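Please walk me through this model with questions and answers, and tell me on what grounds each word is used.

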Amino acid sequence: MKKSLVVFLSLMLTLPSVFLVATDDMPSTGNLPVLVEKAPIIAMIITNHQFTNEAEVTYEELQSVLGGDNGNLKAVTYQAVSKDITDTGYRLYVYNNTSGTLKLSVNTSQSTPLQSVLSGTNYYMTLYLRIGYLPTDNEGNYKEYNTTLNNNLPYMYVKSTTANNDGTIKIDSDKRKLSCEVTSANNSKGEVVCTCLPIYVDLQDATAAVTALDYSAKIVFDLAAL
Amino acid sequence: MLGKNNKKSLALVLVLTLSTISLFSSIGSASIDVETELPQNIGLKLIDKNDSIDETMSVSDFLAIDNKSGTSQTLSSGVVQSNYALLLFNNAGVDIVLTVVFQNLADTNASDKTIPFSLCIGPVSSGGTLLENADGVYAVSEGNAVSFTPASFNGITSRKYPIYFTINPADLLNLHSATYTSTVTLSVGAV
């Protein structure tokens, strides 16, 4: 009787041990999802800074001009102009890493015409401003936007001769395109780069101008998401 | 005589039968104290980076720890320590191997917009790589599996490793605004 008891107990001790290992649920794999949120950035600057490649200015390069300020800057400059269409050397750069479209426009309520004041009298000169790459002929002369150019590049233009009663810029109704759409631009690597809009100026016909005076104008641009 | 002999035999059989029933009953109650065998196991869990561990924990201790596997981690540029750490368990007395695989962070809406990044499990250098001769693994988001064999678990059952992610700040410039995601998959097995 004792011998039978020992044999049977031994079997029972072995079996549960095997049973435990076979059914244990040890986690041997794990996963860690990771993510990066890239915030939308919209920036605009007017500058005559000469970038290596003005058509592919990156946000990092733009920041070097912005001085670390992501806000908009106003360009203050004196620019000699003529009756010929002149490339001012200034560029309006728009950075937009959103998938949306922006609207660039002239803020007419804050812009003023090219004017001078002498003894309480305002004198005006005609200002014709073009923003965005102008087409050229075979000899490199600038041509009007409406002559060619259908390359989907953004552009605007505005012609002003005098001021409204409140002093704001008065715009020739036939010579204006006060807004354009700007989407994000990409370089060959697929990176987002700035959209570059050159600024051209010509005086065309100076009306009742006193040429010995210094004239100045203020053109304010707005940039907003559509 | 026959009648007497038959009665004696019958009485003996009855005694044997009763004894067998008694034995079986006592064996059944003796088999309860069996769960003292130590199972040999290896495993991993993701835990909070600040959680302390007992390096000699038992299997039941390990199984009781909350596993953060599948919990999302937000990254930023430069070398960033993860909110989570890797806990390896090994009481099997054998060498184990950890395998890591992940791919570039990718824009959830545009698969061709990606951000490369690297992963360091273990002590990290200022550049985001594993410190020289340290116990751990360094991998970049090429999509290929990278494996390493942790230091032996002599006298311990558990070891905790910090996790670091590194994104080159330049790789975050000039990107479309979007959410870029990836998943790091870890698996452990015996060598």
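Q: What makes residues 1–23 of chain A a stretch to treat with care?
A: Over residues 1–23 of chain A the pLDDT (the predictor's confidence in each residue, from 0 to 100) stays under 50. For this stretch the model has 19 contacts beyond four places in sequence, where two residues are in contact if their C-beta atoms, placed from the backbone, lie within 7 Å. Residues 68–78 of chain A also have a pLDDT below 50, with 12 contacts beyond near neighbours in sequence. Where pLDDT is low, the predicted coordinates should not be read in detail.

Q: How do you know which features may be described at all, and how residues and chains are named?
A: This is a predicted model, in which local features need pLDDT of at least 70 and side-chain atom pairs count only at pLDDT 80 or more, while totals for chains, interfaces and linings use all residues. Residues are numbered from 1 along each chain as its sequence is written, and chains are lettered from A and ligands numbered from 1 in the order in which they are written.

Q: What is the average pLDDT of chain A, and what does chain A contain?
A: Chain A averages a pLDDT of 78, and 77% of its residues score at least 70. Chain A has 2 helices and 15 strands; these are DSSP runs numbered from the N terminus, with helices being H or I of at least four residues and strands being E of at least two. Of the contacts in chain A with a separation of 6 or more, 74% are between residues 24 or more positions apart.

Q: Why are strands S2 and S9 of chain A called edge strands?
A: Six strands of chain A form an open sheet in the order S2-S3-S13-S7-S8-S9, with antiparallel pairing, and two strands pair if DSSP finds at least two bridges between them. Strand S2 (42–47) and strand S9 (169–177) each pair on one side only, and they are the edge strands of this sheet. Neighbouring strands here are turned by 25° against each other on average, direction ignored, the axes being lines fitted to C-alpha atoms (for helices over the stretch in contact) and angles running from 0 to 180 degrees between N-to-C directions.

Q: How do you know that S2 and S3 of chain A pair?
A: S2(A) and strand S3 (residues 86–96) are joined in the antiparallel sense over 6 bridges, whereas at least two are asked for, so the two strands count as a pair. Within this pairing, A:Ala43 stands opposite A:Tyr95 in S3(A).

Q: Why is A:Met44 called buried or exposed?
A: A residue is buried if 20 or more other C-beta atoms lie within 10 Å of its own, exposed if 12 or fewer, and partly exposed in between, with C-beta atoms placed from the backbone. A:Met44, found in strand S2 of chain A, has 23 other C-beta atoms within 10 Å and is therefore buried. Its C-alpha atom is separated by 5.5 Å from that of A:Tyr93, although the two are 49 residues apart along the chain. Of the 226 residues of chain A, 25% count as buried.

Q: Why is A:Asp84 called buried or exposed?
A: A:Asp84 has 12 other C-beta atoms within 10 Å, and so it is exposed. This residue lies in the loop between helix H2 (59–66) and S3 of chain A. A:Asp84 and A:Asp202 are 118 residues apart in sequence and 5.5 Å apart in space, C-alpha to C-alpha.

Q: What makes phi of A:Ser119 and of B:Asn133 worth a remark?
A: Phi of A:Ser119 is near 55°, a positive value in a residue other than glycine, and phi of B:Asn133 is near 65°, again positive in a residue other than glycine. A:Ser119 is in the loop between strand S5 (112–118) and strand S6 (121–124) of chain A, and with 4 other C-beta atoms within 10 Å it is exposed. B:Asn133 is in the loop between S7 and S8 of chain B, and it counts as exposed because 6 C-beta neighbours lie inside 10 Å.

Q: Why do strands S1 and S8 of chain B stand at the edges?
A: Chain B has an open sheet of 5 strands in the order S1-S3-S10-S7-S8, with antiparallel pairing. Strand S1 (42–48) and strand S8 (137–140) each have a single partner strand, so one side of each is left without a neighbour in the sheet.
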